[in-house]
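Please look through the sequence and the structure shown here, and then read the report that follows, which takes up one topic under each heading.

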Amino acid sequence: MITELNHRERATLRAVAGGHAEISCSCEPDLFIDGLSCCDQSTAHRLARLGLIAPAHPGKCGDRVPALLTEAGASVLGEGLAVAA
């Protein structure tokens, strides 16, 4: 199934790509933009589950580490619109 990414999801991917994000190390990671908790953690969880964002390196559960755009995330962001769900 193909699902369109909404504007908030694409904006979140751009923030991660721009180096403005940290992610918590956990099974349902939280995202922080410019040091502040992301206002829509369900978006962060969805992007992580889809494999579009990931921690830059491993950490202990609860650690905050830089967030990276994965290759799949960069592809979706560059091409713009859809991701297989």
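## Cysteines and disulfides

In this predicted model, the number of disulfides is 0. A disulfide is, in general, a covalent bond that links the sulfur atoms of two cysteines. Cys-27 takes part in no disulfide, and the cysteine sulfur nearest to its own, that of Cys-61, lies 7.2 Å away. Cys-61 is likewise in no disulfide, its nearest cysteine sulfur being that of Cys-27. Because a disulfide requires the two sulfur atoms to be within 2.5 Å, a separation of 7.2 Å does not qualify.

Are these cysteines buried or exposed? Cys-27 has a relative accessible area of 75%, and it is therefore exposed, while Cys-61, at 72% relative accessibility, also counts as exposed.

## The sheet and the helix across it

The model contains an open sheet of 5 strands, which follow one another in the order S4-S3-S2-S6-S5 with antiparallel pairing. Strand S4, residues 36–37, and strand S5, residues 53–55, stand at the edges, and because each has a single partner strand, one side of each is left without a neighbour in the sheet. As a general point, the strands of a sheet pair through backbone hydrogen bonds, and the pairing may be parallel or antiparallel.

At one of these edges, S5 is joined by 3 bridges to strand S6, which covers residues 64–69, and the two run antiparallel. Within this pair, Ala-54 has Leu-68 of S6 as its bridge partner. Helix H1, made of residues 7–17, lies across S5 and S6 as well as strand S2 (21–24) and strand S3 (31–33), and its direction makes an angle of about 110 degrees with S6.

## The nonpolar core

How many residues does the largest nonpolar core have? It has 15, and those with the most contacts inside it are Leu-13, Val-16, Ile-23, Leu-31, Leu-52, Ile-53 and Ala-67. At least two residues of this core come from each of H1, S2, helix H2 (41–49) and S6. Nonpolar side chains tend to be buried together in soluble globular proteins.

## A buried glutamate

Helix H1 also holds Glu-9, whose relative accessible area is 5%, so that this residue is buried. The side chain of Glu-9 is joined to that of Arg-46 by a polar contact of 2.6 Å. When neighbours within four places in sequence are left aside, Glu-9 is in contact with Glu-4, Thr-43, Arg-46 and Leu-47.

Methods
Residues are numbered from 1 along each chain as its sequence is written. This is a predicted model: local features need pLDDT of at least 70, side-chain atom pairs count only at pLDDT 80 or more; totals for chains, interfaces and linings use all residues. Side-chain values use heavy atoms; hydrogens and water are left out. Two strands pair if DSSP finds at least two bridges between them. Helices (H or I, at least four residues) and strands (E, at least two) are DSSP runs, numbered from the N terminus. Contact means heavy atoms within 4.5 Å. Axes are lines fitted to C-alpha atoms, for helices over the stretch in contact, and angles run from 0 to 180 degrees between N-to-C directions. Buried means under 20% relative accessible area, exposed over 50%, partly exposed in between (1.4 Å probe, protein chains only). A nonpolar core is a set of buried Ala, Val, Leu, Ile, Met, Phe, Trp, Tyr and Cys residues joined through side-chain atoms within 4.5 Å. A polar contact is a pair of N or O atoms within 3.5 Å; within protein, one must be able to donate a hydrogen and the other to accept it, and residues adjacent in sequence count only if both atoms are side-chain atoms.
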